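User: I'd like a close look at one part of this fold, strand by strand. Here is what I have open.

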Protein chains: 2
Amino acid sequence: MDDKTATIIFQPSGRRGEVPTGISVIEASRLLGADIEALCGEKKVCGKCKVRIEEGFFEKYGLESKPSHVSPWHEEEDKFINSEDRQAGFRLGCITKVLGDLLIFVPEESRAGKQVVSKAARDIYIEHNPAVTLYYLEVDKPTFEDPTGDYERIGAQLEKQYGLKDLRIDIQTLRQLPAALRKGDWKVTVSVWMDQEVIRVRPGKFEGSYGMAIDIGTTTVAAYFCDLGTMEVIDTVSLMNPQCKYGEDVMSRITYHMMNADGLEKMSDDIVAALNSLIDQAIEGTHPPKQKVKKKKGEKDAEQWIEVPEKGKIYRRLAREDIEDITICGNTAMHHILLKLDPEHVGMAPFPPVIHHSLDIKARDLGIHINPSSYIFVLPNEAGFVGADNVGVLIAEEPYNKGEIQLIIDIGTNGELVLGNKQKLISSSCATGPALEGAQLSYGMRAAPGAMERIKIDPETHEVDYKVIGKDAWRQYSEPKEMNAKGICGSGILDLLAELYSAGIITKSGLFNKKGQKSDRFRKNPDTGQNEFVLAWAEETSIKKDIVITQKDVRQIQLAKGALYAGCKLMIHRMGVKEVDKVKIAGAFGTHVDREKALIMGLFPDCEIEKIVSVGNAAGDGCRAALLNREKRAEANWVSRNVEYIELTVEENFQQEFMRAMQLPHMTDKFPHLEGLVPAEILHQK
Amino acid sequence: MDDKTATIIFQPSGRRGEVPTGISVIEASRLLGADIEALCGEKKVCGKCKVRIEEGFFEKYGLESKPSHVSPWHEEEDKFINSEDRQAGFRLGCITKVLGDLLIFVPEESRAGKQVVSKAARDIYIEHNPAVTLYYLEVDKPTFEDPTGDYERIGAQLEKQYGLKDLRIDIQTLRQLPAALRKGDWKVTVSVWMDQEVIRVRPGKFEGSYGMAIDIGTTTVAAYFCDLGTMEVIDTVSLMNPQCKYGEDVMSRITYHMMNADGLEKMSDDIVAALNSLIDQAIEGTHPPKQKVKKKKGEKDAEQWIEVPEKGKIYRRLAREDIEDITICGNTAMHHILLKLDPEHVGMAPFPPVIHHSLDIKARDLGIHINPSSYIFVLPNEAGFVGADNVGVLIAEEPYNKGEIQLIIDIGTNGELVLGNKQKLISSSCATGPALEGAQLSYGMRAAPGAMERIKIDPETHEVDYKVIGKDAWRQYSEPKEMNAKGICGSGILDLLAELYSAGIITKSGLFNKKGQKSDRFRKNPDTGQNEFVLAWAEETSIKKDIVITQKDVRQIQLAKGALYAGCKLMIHRMGVKEVDKVKIAGAFGTHVDREKALIMGLFPDCEIEKIVSVGNAAGDGCRAALLNREKRAEANWVSRNVEYIELTVEENFQQEFMRAMQLPHMTDKFPHLEGLVPAEILHQK
């Protein structure tokens, strides 16, 4: 090791900084807060820390050739990286040393900071009626007396045995038919879509058919991998939306399209590639993991990888073609970008989408690699800013079947609101932005290991206690260097704001209190001139920097919560009701949110705490319902056209409500919940 | 010119032979009977004689590099061949001299021997009800009060104005929608397929929509290019089926597939390329021809081509995308190969096709370059050997709507027979092979310029008189060297056989008469040892060789006519009728056939000559009917499953009937028509 330093940039996180040369890529990632998975504790045996040394160069350093800024290939790497991947620049992070400036891509599967998936499937009731159904058929061979063609032969049997009439067959499936019939000795299993079209034929008898329900979020893409026959959720897979590189939120994606002739094409290709990679993830999980075997002397030079099944585990060993149905939801912009539909007008008043209605599109027409004759069902959109993901929430929660007035809040990168009951449903969206999810803040991050998820501030000393994801104990019970904090995630943010306010560190208007600060945690940043408050000192972090919340961060959060509150309030007013019977919070945010803190902060209208429930990943659940029950598809179309969309920003009182709602806590006439939680002198300060 | 010779092979005709070096490619083509178009009489001004000097080499000569066996590029060629085509090896045949061995490809458009297209559209009654219909719409722009999406906006208007409900839209069309609506200021023309799916949207008001009805024959692919609105046949285009290189008939194509793993793929790709080239032909015809302009001094180096419109002619100037519908028919093997459906089983007893039913396939799924959202309608098949082309004949002729018993004979590369009336229809096929169309004979050829189409033989002298296509006068009124005969086509063949028989040159068993030959035209070929009869002496031909008919040729024709006659006879027997009310002959053969000669030769059962009618290209007409009237598509499916297919070869009497029918003329109990036409001693010889 020498005392030189090198500039390292990690992609896709964008984390960058100077590190001493001679350290390993994993060590560098830790220093810069772009943690790489190292299951084995860097013992070089798990192979999980694969990274790709990018072929790019840093323009400012003028590196023009493939960087030799890493240590040479090590034979241990041979065990985990095949020659093709080696060619592509893959290395093991624990072995490879930094010798100079580098641009390093950390593939999703190597990221230690994998989002804590709160998108596990909830137990919702779904009637079993999948769009794709299997039928087993035995037919007679053709003879001179009956030389009927192959397709009519199975068609007659499908009608006779199962009452299916007037089916059509996809040309790609038709191509498989003659061989399948003969290979199966005139016994075949056919997959039929919506009782309308034969989309697959396999020789012999099969029972498994599989599907995926995919929720394309602005930030995260998550999918349920399901057995269409048993409705079992086999796996939950997710990855980052690769479009994040074009911008964090919906508007910046739309802008990217408008500024770049090939922008839509690129973003669409990226998400399609991501969907294919999700599918691969799901399929891979049905096979035993593979390990490379050492070559014996005299053996041929070919690489050999053998399966290492887990003891007692039964593997389904599926192929991509075994996925026969997919349902997709997402907000209107994600919907449009996936389908290469111009999203420009969705971003401009009056925000008309290109289409509301659901679509059935051949997988091959979208470049999605599953059974090629299969259809992708894309859920319908309600409006420009209330997309197919919200329709997913609705068909999962079915407020239109209930008498009680429900307010359903789906906080993703933006907030979507639905209010009503079986009489009437109205919806709207509010520009919460991603602040409530931890994005756009100086030290915001996704709910991943190292994220501060709970925060307490002592009102007397202003000392901070917190808990990070991936570690059981609170800070006060730990050594500082054990914490390895990295940032603040969505659930930590609400805690934080409530605590800052309750401790008198910020005022109800959101400004840092000039007087009454009780620790050196409050300071003015000499570089930016902004006031800030230190949540964790550098020694407690894995990024070796103080984690702070700045005045600008507080403002971001206020804007988000103000938009949400004002939205809810105006909706309730518009609906003509006094109060709601239930508040349902969907999305990862709902799972983590502390209902009491949310009320303190005035995130949504006053109601009894018992009325607030989290409904988890309701969008994904609705998408799954549409996968497993075709009736839900019709229901989705019905509801998408029967929810009245309200454009809040043009409502008369919007600005006024919004400004009021930005205050902490929101001042209502009756706000009994806050008595006792917030000191009276703070609560009632003018 | 020196006295050396070179071996030349012309593709795709396969004509080959030695020619003196120094002559032009056109001259060589004439010597070898592979005539190249030379509209201007080799004055180097028409540019029609473009050929491609192939990059290949003759293995037996070991030429391994691009041949320099042609004269250098001449500046006159610049006028007609652009730099891209020059790169690809194109030359003008009138200018380019042969300097050594060559493999020369003559593109379809340069072939003088273009088939005399008898596939012109007949006037059949078609009710106007095309599958693709245009609708002009004016809609309101979106507002905050009505921010409905683009698609629902036009959907509502389609319902309100035209009563169209529950339409879907193709994803590729949906992608055009937002721009079209805005570019057209909320006025658009949409194309709707079968009242079910929106397949095109254009800004503003349009009236034209176009389609093609394509008949894929084993030898020729021919299409009607139609205006879907007015039903006008704008153009008739045709070219050779490029699969001919894999074999002349259906069975050899099937065999090629079975012997080559990529055989089906290759043949399918070839026919798809041919269809695209047909489409280009049709589209090109709607634009004025182009001519290259000479560069002026000082002008940029770019080539310039300008349009030279014919005076007074109005050009539609269409693009491929303007073709919005296509219907296709063909025999079952052509059908299967086009669609990449395994044709193996169609060629093996009991000959089941992969599918009977018609198919609607997206043009893009077949790689056909028209409006990408459009469907290709593929007509249904009756049976393995009675394909979609025969269904085309049926829906054009509608025997199922008549009381009279019709026998419909479609002679293409094989013979297809349908018999019956509104009570019952039966069909069968007979292996006539292509002999009746002129193929498989030593000097057989398609009905193209130079083909002997009428032949007379003087019974006294055995002198031969004949007429060739492309020349008005008979040989006896012309100088021998004016005839430029090249071979015999289908219509000449029947003449020939009847004349040979009537003149006593061959016996009723088809053998050359050993005694009674009256000229030196009858001879034994010293090379093959076969008897043959000279029809045209070398000096009368363009191929500079005697055109003869050999014993083997006569046998081929006998086999064909025997199969056809036996087939008809067995069908009539099976139907339980004594005679038929009408004999309809479809196909190019029907147009050219001399009904009397056909009866003499026993091509089909005895009937009064008035009952025999030619119905021209009935398959193409049926295909066109399906293009212009969607009801015909349903009718096609109905009839394809309601014609009873009879496998003749397994009928009890088939062999016996077939053997009897091979004789000339077929001996029936009553055959009054032949009295007087054929000398009694010949007619009644044992």
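In E4(A), which residue is the bridge partner of Lys50(A)?

Analyst: Keep in mind that this is a predicted model. The partner you're after is Leu92(A), which sits across from Lys50(A) in E4(A). That pair belongs to a run of 3 bridges that join strand E3 (residues 50-53) to strand E4 (residues 90-92) of chain A, and the two strands pair in the antiparallel sense.

E3(A) has another partner too: 2 bridges link E3(A) with strand E5 (residues 102-105) of chain A, again antiparallel. There, Arg52(A) is the residue that stands opposite Phe105(A) in E5(A).

Now look at where the side chains of E3(A) go. They alternate along the strand: Lys50(A) and Arg52(A) point to one face and are not buried, while Val51(A) and Ile53(A) point to the other face and are buried. Lys50(A), the residue you asked about, is thus on the face whose side chains are not buried.

Elsewhere in chain A there's an open sheet of 4 strands, with mixed pairing and the order E6-E8-E9-E7. Its edges are strand E6 (132-138) and strand E7 (168-169), each pairing on one side only. E7(A) runs parallel to strand E9 (residues 197-203) of chain A, and 2 bridges join them; Ile169(A) is found opposite Val198(A) in E9(A). Packed on this sheet is helix H3 (residues 150-162) of chain A, which touches E6, E7, strand E8 (187-193) and E9. The direction of H3 makes about 105° with that of E6(A).

Note on methods:
Residues numbered from 1 in each chain as written. Chains lettered and ligands numbered in written order. Predicted model: local features only at pLDDT ≥ 70, side-chain atom pairs only at ≥ 80, totals over all residues. Heavy atoms only, no water. Pairing = 2+ DSSP bridges. Contact = heavy atoms within 4.5 Å. Axes fitted to C-alpha atoms, helices over the stretch in contact; angles between N-to-C directions. Buried < 20%, exposed > 50% of the residue type's maximum accessible area, 1.4 Å probe, protein only.
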